[in-house]
Amino acid sequence: MFVPFDPDWPPFDPPRRAPPPPPRRLNPAQEKRLLQLVGLNLVLMVVAPIGGATVIGALLGWWG
């Protein structure tokens, strides 16, 4: 019977990849700050165009 003494046989299994880490979660303080920023942006979406139109109207009235 033949006994192979080749150290490269059998081939080794390739190293397994580690599973990807779970996605990071926000802690309560970060979540509160994020919700505050979203709320501020929603308010500014309504207020800023009105304020911009008022400034443009004032400039047109000042020049005209």
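A short working chat about this predicted model follows.

Trainee: Ground rules?
Mentor: In this predicted model, local features need pLDDT of at least 70, side-chain atom pairs count only at pLDDT 80 or more, and totals for chains, interfaces and linings use all residues. Numbering runs from 1 along each chain as its sequence is written, and side-chain values use heavy atoms, with hydrogens and water left out.

Trainee: How many helices and strands does the chain have?
Mentor: One helix and zero strands. Those are DSSP runs, numbered from the N terminus: helices are H or I, at least four residues, and strands are E, at least two.

Trainee: Is the chain compact or spread out?
Mentor: More spread out than a compact globule, because its radius of gyration is 33 Å, well over the 11 Å that the globule rule gives for 64 residues. The radius is over C-alpha atoms; the rule is 2.2 Å times the number of residues to the power 0.38. The C-alpha trace spans about 105 × 30 × 10 Å along its principal axes.

Trainee: What share of the residues counts as buried?
Mentor: 0% of the 64. Buried means under 20% relative accessible area, exposed over 50%, partly exposed in between (1.4 Å probe, protein chains only).

Trainee: Now Val43. Where is Val43 found?
Mentor: In helix α1, residues 28-63. Val43 is partly exposed, at 48% relative accessible area.

Trainee: And Val38?
Mentor: Val38 is also in helix α1. Its relative accessibility is 41%, so Val38 counts as partly exposed.

Trainee: How far apart are the C-alpha atoms of Val38 and Pro19?
Mentor: They are separated by 33 Å, with the two positions 19 residues apart along the chain counted as their offset.
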